[in-house]
Amino acid sequence: MNHRRFCCEGERMKERNKFYEQPRWRDLKDRILRRDGYQCKISSRYGRMISAQLVHHIFPLREFPEYAYAEWNLISLCWKEHNKLHDRDTDELTEKGRELLIRTAKKNNIPIPEKYSHPIKARRGNGRPSTI
């Protein structure tokens, strides 16, 4: 394990936790949950009525702090759907997370960040990158 990476991740988690403990965030989170009827918005697209357990930043908070409180950037989700949007090993968006980001950007006339405008590269069995 890379000790420096662990320390940086610990600091990043402290900063993230500070954000989520702020009264401004808590009030906005509650407002978004009410707006979305306390339902997971991704599940409801497929006719499944699942209770939302969290509010997700479509444009990741660590990369786009300027959108932290933008209501168009927030969506109520259940944990199952939320976990499909993030690669938990790298903390990067999955293809599904990128698709949601791109749809949201287009809907709100927000420029699509260069990093997210290309398909995710996956590894083939031979170790060379390939486009998913």
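Let's start with helix α2, which covers residues 23-35 in this predicted model. How far apart should the ends of this helix be? At 1.5 Å a residue, its 13 residues should span 18 Å. The end C-alpha atoms are in fact 18 Å apart in the model, so the expected span and the modelled one agree.

Now look at which parts of α2 are tucked away. Its buried residues are W25, L28, I32 and L33, where buried means under 20% relative accessible area. Turn the model until you're looking down the axis of α2: these buried residues fall within an arc of 140°, so they line one face of the helix. What about the other side? There you'll find P23 and D27, both exposed. Keep following the chain and, just after α2, you reach G37, which takes a positive phi of about 65°.

Next, hop over to the second largest pocket, with a volume of about 270 Å³. It is lined by 15 residues, and the closest to its centre are I58, I75, L100, T104 and K107. Which elements give two or more residues to this lining? They are α3 (41-45), β2 (74-77) and α5 (95-107). Of these, α5 supplies the largest share, with 4 residues.

And what kinds of residues will you meet around the wall of this pocket? Sorted by class, the lining has 7 charged, 6 nonpolar and 2 polar residues. To find your way there in the viewer, you could pick out α5 and then look for I58, I75, L100, T104 and K107, the lining residues closest to the centre of the pocket.

How values were computed:
Residues are numbered from 1 along each chain as its sequence is written. This is a predicted model: local features need pLDDT of at least 70, side-chain atom pairs count only at pLDDT 80 or more; totals for chains, interfaces and linings use all residues. Side-chain values use heavy atoms; hydrogens and water are left out. The expected span of a helix is 1.5 Å times one less than its number of residues. Buried means under 20% relative accessible area, exposed over 50%, partly exposed in between (1.4 Å probe, protein chains only). The arc is that of the directions from the helix axis to the C-beta atoms. On a 1 Å grid over the protein atoms alone, a cavity is a set of points where a 1.4 Å probe fits but cannot get out, and a pocket is an open set with protein on both sides within 12 Å along at least five of seven lines; lining residues have an atom within 4 Å of a point. Grid points are joined across faces, edges and corners, and a volume is the space filled by probe spheres set on the points. Ala, Val, Leu, Ile, Met, Phe, Trp, Tyr, Cys and Pro count as nonpolar, Asp, Glu, Lys and Arg as charged, and the others, Gly among them, as polar.
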